[in-house]
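User: Could you take a close look at one part of this model for me? I would like to understand how its helices pack against each other.

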Amino acid sequence: MSSSTLAEQAARQPAVPPRQRRFTRPGWSPSRGDLPAALLFIAPALLGLSLFFLFPMLRGVYLSFTEYNILGEPTWVGTANYEAIAQDPLFWNALWVTIQYVLINITLQTVLALGIALLMQRIARSTLIRGMLLLPYLMANVIAALLWFWLLDYQIGIVNHLLETLGGQRVAFFGSEQWAIPTQALINTWRHMGYTALLIFAGLQMIPRHLYEAASLDGANAVQSFFRVTLPLLRPVLALVLVVTVIGSFQVFDTVAVTTQGGPVNASRVMQYYIFQKAFTESQFGYGSALAVILFLILALMAFVQMKFMRGNQTDLD
């Protein structure tokens with residue numbers, strides 16, 4: 001048989017589509033055999049989630065309806081803890097202090113991180129410079145708090161010495177009811193804004209360049225392009241960043257524990273520190289668990305509202 005005849009026969013045979021050629025093993029289909037392998041891969045994560053999150057959370061919810069200290073067995077008291085919290089002035093003070101901290105921290109952190117991300121996109125293109133922005137984030141919270149605690153000390157802090165040298169007055173950054181929360185918010189803003197900037201920078205990289213070119217051809221300047229192109233298309237990333245940073249800000253603990261321990265008076269007694277005091281200092285684990293459940297519900301509600309109104313699961317790029 002000639003080669004031309006073989007070529008004609010091969011041409012007559014129907015071509016096998018790529019998707020049909022992918023699975024060549026007899027009796028195998030993508031719907032069979034995947035589940036056991038998938039469960040095997042996710043088993044370690046599920047085990048960790050169950051041991052360190054789901055079980056403690058469920059036990060915490062149960063303990064919130066009990067009176068319990070570590071020396072005895074839990075005693076069921078129903079909603080007594082929640083009724084006591086509603087009448088607890090320290091709880092409302094802690095909630096208000098936490099809200100103040102969150103507002104200062106989130107506002108400054110988001111604005112500064114957005115500005116840094118824009119500078120990274122337009123000016124700072126060096127990988128080294130971009131990596132240096134992460135250096136404060138790589139530092140432990142306790143180390144960052146101690147560092148600024150010494151720098152801002154009223155007596156020996158270099159910042160107060162500098163203020164006095166310039167003709168100003170010393171400021172009790174951690175010893176003043178007026179400055180305690182703003183100071184701690186600024187410390188955590190300094191530590192986290194580099195990481196937040198990288199998240200926003202990643203979102204900026206996803207915006208197609210031709211949209212800016214089209215805006216420029218329409219006569220839009222840099223400011224108009226920012227508000228009409230960048231911000232609308234960056235909305236899903238900003239929604240994610242705000243949800244993560246708000247949840248993290250409501251859970252601030254280590255900075256307060258290292259610097260002010262809730263003082264002066266109750267000026268920096270945030271929710272997490274109040275929960276710690278009730279549960280581990282006063283051994284009221286049932287009351288502390290009820291406070292933790294309330295904080296969880298607040299965070300869940302805030303995350304839902306943020307994602308709902310900012311339409312964080314939608315994008316304008318389609």
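Analyst: Happy to help; here is a walk from the whole chain to one buried residue, and then to two helix pairs. Please keep in mind that this is a predicted model.

Let us start with the setting. The protein chain has 318 residues, of which 35% are buried. Its secondary structure consists of 15 helices and two strands. If you take the contacts with a separation of 6 or more, 64% of them join residues 24 or more positions apart.

Now for the close look, which begins at N188. This residue sits in helix α10, the stretch from 180 to 205. Is N188 buried or exposed? With a relative accessible area of 5%, N188 counts as buried, because the cut-off for that label is under 20%. Which residues does N188 touch, once its neighbours within four places in sequence are set aside? They are Y101, N105, Q109, N141, V252 and T255.

Helix α10 also packs against helix α5, which covers residues 89–122. Their axes come within 6 Å of each other and cross at roughly 40°. That angle makes α5 oblique to α10. The crossing of α5 past α10 is right-handed, and the residues in this contact comprise 21 nonpolar, eleven polar and no charged ones.

A second pair makes a nice companion to this one. Helix α12 (residues 222–250) packs with helix α15 (residues 285–309) at an angle of about 165°, and their axes are 10 Å apart. The two are therefore roughly antiparallel, since angles over 145 degrees count as such. Here, too, the crossing is right-handed. On the α12 side, the contact is made by A239, L242, V243, V246, I247 and F250. The α15 side contributes L295, I298, L299, M302, A303, Q306 and M307. By type, the residues of this contact are twelve nonpolar, one polar and no charged.

Finally, it helps to set the model beside the database record. An unreviewed UniProt entry lists residues 35–55, 99–120, 132–151, 193–212, 233–253 and 285–305 under "transmembrane region". Two of these stretches can be followed in the model. Over residues 35–55 the chain is 100% helix and 0% strand, with 25 Å between the end C-alpha atoms. Over residues 193–212 the chain is 85% helix and 0% strand, and the C-alpha atoms at its ends lie 26 Å apart.

How values were computed:
Residues are numbered from 1 along each chain as its sequence is written. This is a predicted model: local features need pLDDT of at least 70, side-chain atom pairs count only at pLDDT 80 or more; totals for chains, interfaces and linings use all residues. Side-chain values use heavy atoms; hydrogens and water are left out. Axes are lines fitted to C-alpha atoms, for helices over the stretch in contact, and angles run from 0 to 180 degrees between N-to-C directions. Helices (H or I, at least four residues) and strands (E, at least two) are DSSP runs, numbered from the N terminus. Angles under 35 degrees count as roughly parallel, over 145 as roughly antiparallel, 65 to 115 as roughly perpendicular and the rest as oblique. A crossing is left-handed if the near helix is turned anticlockwise from the far one by less than a right angle, and right-handed if clockwise. Contact means heavy atoms within 4.5 Å. Ala, Val, Leu, Ile, Met, Phe, Trp, Tyr, Cys and Pro count as nonpolar, Asp, Glu, Lys and Arg as charged, and the others, Gly among them, as polar. Buried means under 20% relative accessible area, exposed over 50%, partly exposed in between (1.4 Å probe, protein chains only). UniProt positions are given in the numbering used here, feature names are shortened, and annotations may be inferred rather than shown by experiment.
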